[in-house]
Amino acid sequence: MRTSDGRTPRGREFTPLADRMFRLVTAAHTCAYRSSGGTFAGKTQGNPVLLLETTGRKCGKRRTTPLLYLPDGRNMVIVASKGGAAKHPAWWLNLRANPETVVQVGPRTREVRAEETAGEDRARLWERLVAMYPGYADYQRRTDREIPVIRLRPMD
């Protein structure tokens with residue numbers, strides 16, 4: 001059942017057109033980031049952005065997703081919010097299947113290993129993430145799933 005604005009009672013589904021537009025904007029953001037070494041498109045609403053590479057768990061294709069991140073010592077913390085959608089973003093499902101990957105932060109690429117946080121560790125990071133980007137709290141209210149908080153640990 002959907003409401004007049006296309007939402008399900010909890011979470012949100014994207015229409016095919018909205019999904020296509022989102023993919024085009026993501027591709028443009030990625031291109032601008034890569035070509036400028038993160039000088040252009042390296043921040044969104046004042047928050048740092050990284051490019052996350054994942055390998056499709058079904059097709060094996062490499063995909064790139066620009067994401068806000070929270071620096072945490074040498075680590076980077078990302079959020080699998082998908083704007084409060086009912087389902088996890090595909091990049092997170094791919095990352096769970098293949099947790100060793102590459103990120104680009106500014107002009108530098110780094111090999112990282114992803115791990116989902118839990119318990120007090122997740123709660124501490126979630127508080128910092130919401131302080132950085134208050135929209136995350138709204139996204140959590142929109143969905144019944146607990147939004148995953150992922151730590152990316154450099155492998156160097």
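A residue counts as buried when its relative accessible area is under 20%, and as exposed when that area is over 50%. The model described here is predicted.

## Helix α1

With that cut-off, T26, T30, A32 and Y33 of α1 are buried. They cover an arc of only 165° around the axis, which puts them on the same side of α1. The other side of the helix holds exposed residues: P16, L17, R20, C31 and S35. Three strands pack against the buried residues of α1, namely β2, β3 and β6 (100-105).

The length of α1 can be checked too. Its 21 residues, at 1.5 Å a residue, should span 30 Å. The end C-alpha atoms of α1 are 30 Å apart, which agrees. Just after α1 comes G37, with a positive phi of about 65°.

## Q104, a residue in β6

Strand β6 contains Q104. Is Q104 buried or exposed? Its relative accessibility is 10%, so Q104 counts as buried, the limit being 20%. Leaving aside residues up to four places away in sequence, Q104 touches Y33, R34, G37, L50, L51 and T109. One of these contacts, Y33, is also among the buried residues of α1. Another, G37, is the residue just after that helix. T30 is a further residue to look for: Q104 and T30 are 74 residues apart along the chain, and their C-alpha atoms are separated by 10 Å.

## Helix α3

Helix α3 covers residues 119-132. Its 14 residues should span 20 Å at 1.5 Å a residue, and the end C-alpha atoms are 20 Å apart, which agrees. Which residues of α3 are buried? They are R122, L125, W126, L129, V130 and M132. Seen down the axis, these residues fall within an arc of 145°, so they line one face of α3. E120, E127 and A131 are exposed on the other side.

Several elements help to cover the buried residues of α3. They include the strands β2 (47-55), β3 (62-68), β4 (70-72), β5 (75-79) and β8 (149-154), together with the helix α4 (135-142).

## Helix α4

In α4, the buried residues are G135, Y136, Y139 and R142. They fall within an arc of 115° when seen down the axis of α4, so they line one face of the helix. Their packing partners are β3, β5 and α3.

## The largest pocket

The largest pocket holds about 1400 Å³ of space. It is lined by 39 residues, and those closest to its centre are F22, T26, T65, L67 and W91. T26 is one of the buried residues of α1.

Which elements give two or more residues to the lining of the largest pocket? They are α1 (16-36), β2, β3, α2 (90-97) and α4. Of these, α1 gives the most, with eight residues. By type, the lining divides into 17 nonpolar, 13 polar and nine charged residues.

## Residues in the loops

Three loop residues can be set side by side.

| Residue | Loop | Relative accessible area | Class |
|---|---|---|---|
| A41 | between α1 and β1 (43-44) | 18% | buried |
| Q45 | between β1 and β2 | 65% | exposed |
| D144 | between α4 and β8 | 64% | exposed |

A41 has a phi near 70°, a positive value in a residue other than glycine. Its relative accessible area of 18% makes A41 buried, because the cut-off is 20%. Q45 is not a glycine either, yet its phi is positive, at about 50°. Q45 is exposed, with a relative accessible area of 65%.

D144 is exposed as well, at 64%. How far apart are the C-alpha atoms of D144 and K87, and what is the distance in Å? The separation is 9.5 Å, although D144 and K87 lie 57 residues apart along the chain.

How values were computed: Residues are numbered from 1 along each chain as its sequence is written. This is a predicted model: local features need pLDDT of at least 70, side-chain atom pairs count only at pLDDT 80 or more; totals for chains, interfaces and linings use all residues. Side-chain values use heavy atoms; hydrogens and water are left out. Helices (H or I, at least four residues) and strands (E, at least two) are DSSP runs, numbered from the N terminus. The expected span of a helix is 1.5 Å times one less than its number of residues. Buried means under 20% relative accessible area, exposed over 50%, partly exposed in between (1.4 Å probe, protein chains only). The arc is that of the directions from the helix axis to the C-beta atoms. Contact means heavy atoms within 4.5 Å. On a 1 Å grid over the protein atoms alone, a cavity is a set of points where a 1.4 Å probe fits but cannot get out, and a pocket is an open set with protein on both sides within 12 Å along at least five of seven lines; lining residues have an atom within 4 Å of a point. Grid points are joined across faces, edges and corners, and a volume is the space filled by probe spheres set on the points. Ala, Val, Leu, Ile, Met, Phe, Trp, Tyr, Cys and Pro count as nonpolar, Asp, Glu, Lys and Arg as charged, and the others, Gly among them, as polar.
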